[in-house]
Amino acid sequence: MTRGRGYALLALVVAAIVALSTALYAGVASDNGEPGRNALGDGRAPNSAAPASTGTWVSTWSTSPAAGEPGTETTGMANRSVRNVVHTSVGGTSARVTLSNLYGRSPLSITGASIALAAGPGTPAAVPDTLRQLTFNGGPTVVIPPGRQVMSDAVRIAVPHDADVLITTYTPAGSGTVTYHPHARQISYLAQGDHTRDTTGTPYTEQTKNWRYLTALDVLSNESDGTVVALGDSLTDGITSTMNANNRWTDVLSDRLRAEIAAGRDLPRYSVVNQGISGNRVLTDGLGRPANNPSGLNRFSRDVLQRTNVKVVVIDLGVNDILRNPRLADPQAILGGLRTLVGQAHARGLKVVGATLMPFHGHRGYTDQRESVRQAINAEIRSGRVFDAVVDFDAALRDPYDPRRLRADYDSGDHLHPSDKGYTRMAEVFDLESLKGSAPAEL
């Protein structure tokens, strides 16, 4: 072999190694930079149940673990199957779930878990040929230490957008306080015994308005390139929206974004997930350790930065800092907290859209002094000195004849939370163009 041909062969070998290394690096980087995970997100080599590495991992649904469930301190969910019903924002070809024992005081033993498409709305029955057993590091069982969470292995399942998905777990013994999210606005189901593989729904005789243990559903998607996370309080949680109707403003925003893209509009292909907790504040935690209803500042890393492939965060917080402060809230302190959240997002390259605070005249907590605090915060938000972009929920939902209160048809009746029409209006005034781009460069 001549020296020239030898060099040429060597160059081909080096090029192949570089190409392979680049592909491997891209696979890891595409998974939101989580250490110790491959492109499948399961921390190990792919198996027969894992997906081919095509598409992008995004969160199609998520919720915030809000507290330890009262009354579960001793028995937890012993010998019970919990069938959580969740609604997708985008579809995918494979799925994985995150289970949390954040508020548990003892190890949580899960000896069975499954995922399936719901047979229809408002039912625990599954489409039979869609049911898949979930595994954790290759096995059907997992023990989650107190204060920790675990992500399942990826499993092949065709998950449509705008669909109900059933995610079922079985705990054989009492494991202490249950980590849960109340006010789900979605009926889920409970059964005695291990019915994780049941597709009929017959054993699931008990209904519940809470999500338990489950905090995220990710999909490997060819229709989405990233995730929008909405961080908020009950106004984002959708506490007064119609049960099982998926009419939180984030649901409507997701539908609107997908429809505009389908119509040919040049917009980012993002999923939209909801990290609202009713009663949440920017600055102040609830009671307990770990804190029930942790502040926006304390949960930002967990509920925003740890979501899969997050690109944009929408922040709608501050009203409870005004209403739940026994003294008059300091608007500069609230604005300082919001700016801290923006700084954390920018450090990760995330764009931040912020919402003005909606009116609450007529609510039992209203005072003229609190109204002045709200107005001061909104004026600063509208100035452009807090967020990268602004969605003006206040202007969109206030009564034009009395801007201190919600317009009557946008009011659920408590003078604080919107009606279904009000939630829809919130999504309608959201400028989809604001989802474009990334965090501005720091000077």
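Which residues of strand E17 point one way and which the other way? Gly226, Val228, Ala230 and Gly232 lie on one face of E17, whereas Thr227, Val229 and Leu231 point the other way, and all are buried (buried meaning under 20% relative accessible area with a 1.4 Å probe and protein chains only). The structure is a predicted model, in which local features need pLDDT of at least 70 and side-chain atom pairs count only at pLDDT 80 or more, while totals for chains, interfaces and linings use all residues. Residues are numbered from 1 along each chain as its sequence is written, and side-chain values use heavy atoms, with hydrogens and water left out.

Helices (H or I, at least four residues) and strands (E, at least two) are DSSP runs, numbered from the N terminus. Because seven of the seven residues of E17 are buried, this strand is largely enclosed by the rest of the structure. E17 pairs with E18 in the parallel sense over seven bridges (two strands pair if DSSP finds at least two bridges between them). Within this pairing, Val229 has Val273 of E18 as its bridge partner. E17 also pairs in the parallel sense with E19, over six bridges, and there Ala230 is matched with Val314 of E19.

Val273, a residue of strand E18, counts as buried because its relative accessibility is 1%. Contacts of Val273, not counting residues up to four places away in sequence, are made with Ser59, Thr60, Trp61, Ser62, Thr227, Val228, Val229, Ala230 and Arg307 (contact meaning heavy atoms within 4.5 Å). Between the C-alpha atoms of Val273 and Leu231, which are 42 residues apart along the chain, the separation is 9.0 Å.

Helix H4 (residues 296–305) is mostly covered, with seven of its 10 residues buried. These are Gly296, Arg299, Phe300, Arg302, Asp303, Val304 and Leu305. Their cover includes strands E17 (226–232), E18 and E19 (310–316), together with helix H6 (331–347).

An open sheet of six strands follows the order E7-E6-E11-E3-E13-E14, with antiparallel pairing. Strands E7 (132–133) and E14 (206–208) stand at the edges with a single partner strand each, so one side of each is left without a neighbour in the sheet. Inside the order, E3 and E11 (residues 164–171) pair in the antiparallel sense over eight bridges, and Asp164 in E11 is the bridge partner of His87.

His87 also appears at the second largest pocket, where it is listed with Trp61, Arg248, Thr250 and Asp251 as lying nearest the centre, among 23 lining residues. On a 1 Å grid over the protein atoms alone, a pocket is an open set of points with protein on both sides within 12 Å along at least five of seven lines, a cavity is a set where a 1.4 Å probe fits but cannot get out, and lining residues have an atom within 4 Å of a point. The volume of this pocket is about 240 Å³, a volume being the space filled by probe spheres set on grid points joined across faces, edges and corners. Strands E1 (56–62), E3 (80–87) and E18 (270–276) and helix H3 (249–262) each supply at least two residues of the lining. By class, the lining comprises five nonpolar, 13 polar and five charged residues (Ala, Val, Leu, Ile, Met, Phe, Trp, Tyr, Cys and Pro count as nonpolar, Asp, Glu, Lys and Arg as charged, and the others, Gly among them, as polar).

Three cavities of 30 Å³ or more were counted. The largest cavity holds about 40 Å³ of space, and Asp164 is among its lining residues, which also include Val85, Gln186 and Tyr189.

Notes. Buried < 20%, exposed > 50% of the residue type's maximum accessible area, 1.4 Å probe, protein only.
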